[in-house]
Amino acid sequence: MHSDLFAHENMAKPATAPGMSVHNAKSIVYAVNGECYARQGAMVAYRGNLKFEKQGQGVGNFLKRAVTGEGLALMTVQGQGEVWFAHEAANCFIVDIAPGDSLTINGRNVLCFDPTLSYEIQTVKGAGMTGGGLFNSVFTGHGKLGVICEGNPIVIPVSPQAPVFVDTDAVVGWSTALRTSLHRSQSLGSMLRGGSGEAVQLKLEGEGFVIVRPSEAKPQKQQTG
C-alpha cells in the first residue's frame with residue numbers, strides 16, 4: 001500500500017529515552033516508566049501496560065477552578081509504555097524547567113508534565129475577578145512541561161524599561177518573577193460609545209518574558225465529573 005500518509009515523518013518511532021519528546025508539531029510522545037501527569041482527554045494513542053486515572057485536586061484548587069472555569073483537570077498515567085498526547089491539533093512545545101526556575105502558565109495551555117514538577121493554582125496579582133478570573137498555574141521543581149498553543153506563539157521580552165501589555169484572552173504564560181497588574185487603555189468616553197473591544201490588558205513589568213498566542217481564547221467547554 002502506497003500513500004503520502006505513510007511518509008517517514010508521520011510514522012511513530014520508538015522512544016530513545018524515557019520521558020517526553022516532541023513527536024511532531026502537533027503531538028508529544030511520553031515514554032512512561034512509572035507515572036506522568038496530563039490534561040484529561042489528551043491521550044490520543046498508547047501502547048504498553050498503562051493505566052489512566054482522574055487526578056483529584058485539593059479543596060483550595062478545586063474551589064478556584066469552580067469559580068474561574070479554568071485550572072487543571074488532570075489525569076495520572078501509570079505503568080510502562082508509550083503514550084501520545086495532543087489537543088485539538090494545537091502546536092506542542094516542551095519547556096525544560098531547571099531547579100530554581102518557575103513558569104506561570106494558563107491551565108488551558110498545559111498538555112502534560114513530569115511528576116518531578118509541582119504546580120499551584122494562583123490568582124494573578126493585580127487582576128482578580130475583574131480580569132475575567134485570571135487564575136494561572138505556577139510550575140516549579142525540575143523536569144519537563146508539555147505546552148500547547150493555538151498557532152505559533154509570540155515570545156516577547158520584558159524589561160524594566162519596556163513593560164508589555166497583553167490581551168488577557170491571548171496570554172499563554174510568563175516568567176513568574178514578573179509583576180502583573182490590570183491596565184485600562186480605553187477612556188470612559190470611548191467605552192460609553194461602544195469601545196474598541198480592547199479595554200483592559202494585563203501589564204507585565206520587570207525582567208523576563210511573556211508568551212502570547214495569535215488568537216484570543218475560545219469559550220471553554222464545560223467539563224463534567
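**Cysteines.** I started with Cys92, which is buried, at a relative accessible area of 5%. Worth noting up front: I'm working from a predicted model. Next I looked up Cys149, and that residue is buried too, with a relative accessible area of 2%.

Then I asked myself how many disulfides the structure holds. The count came back as 0. I followed up on Cys92 and found that its nearest cysteine sulfur belongs to Cys112, 7.9 Å away. A disulfide needs the two sulfur atoms within 2.5 Å, so Cys92 is in no disulfide.

**N-terminal end.** Buried or exposed, what is Met1? Exposed, I found, with a relative accessible area of 87%. I placed Met1 in the segment before strand S1, which covers 19-24. I also checked which residues join Met1 in a nonpolar patch on the surface. They are Leu5, Phe6 and Met11. Together the four have about 490 Å² of accessible area.

**Whole protein.** I pulled the secondary structure next and got 2 helices and 16 strands. For burial, I noted that 40% of the 225 residues count as buried; Cys92 and Cys149 are among the buried ones.

I also looked at sequence separation in the contacts. Taking contacts between residues at least 6 apart in sequence, I get 78% that join residues at least 24 apart.

Last entry, the surface. I have about 12,100 Å² of accessible surface for the protein, and carbon and sulfur atoms account for 55% of that.

How values were computed
Residues numbered from 1 in each chain as written. Predicted model: local features only at pLDDT ≥ 70, side-chain atom pairs only at ≥ 80, totals over all residues. Heavy atoms only, no water. Buried < 20%, exposed > 50% of the residue type's maximum accessible area, 1.4 Å probe, protein only. Patch = residues over 30% accessible without salt bridge, like charges linked within 9 Å, V, L, I, M, F, W, Y side chains within 5 Å. Areas by Shrake-Rupley, 256 points an atom, 1.4 Å probe, with all protein chains shown as cover. Salt bridge = Lys/Arg side-chain N within 4 Å of Asp/Glu carboxyl O. Helix = DSSP H or I, 4+ residues; strand = E, 2+ residues; numbered from the N terminus. Contact = heavy atoms within 4.5 Å.
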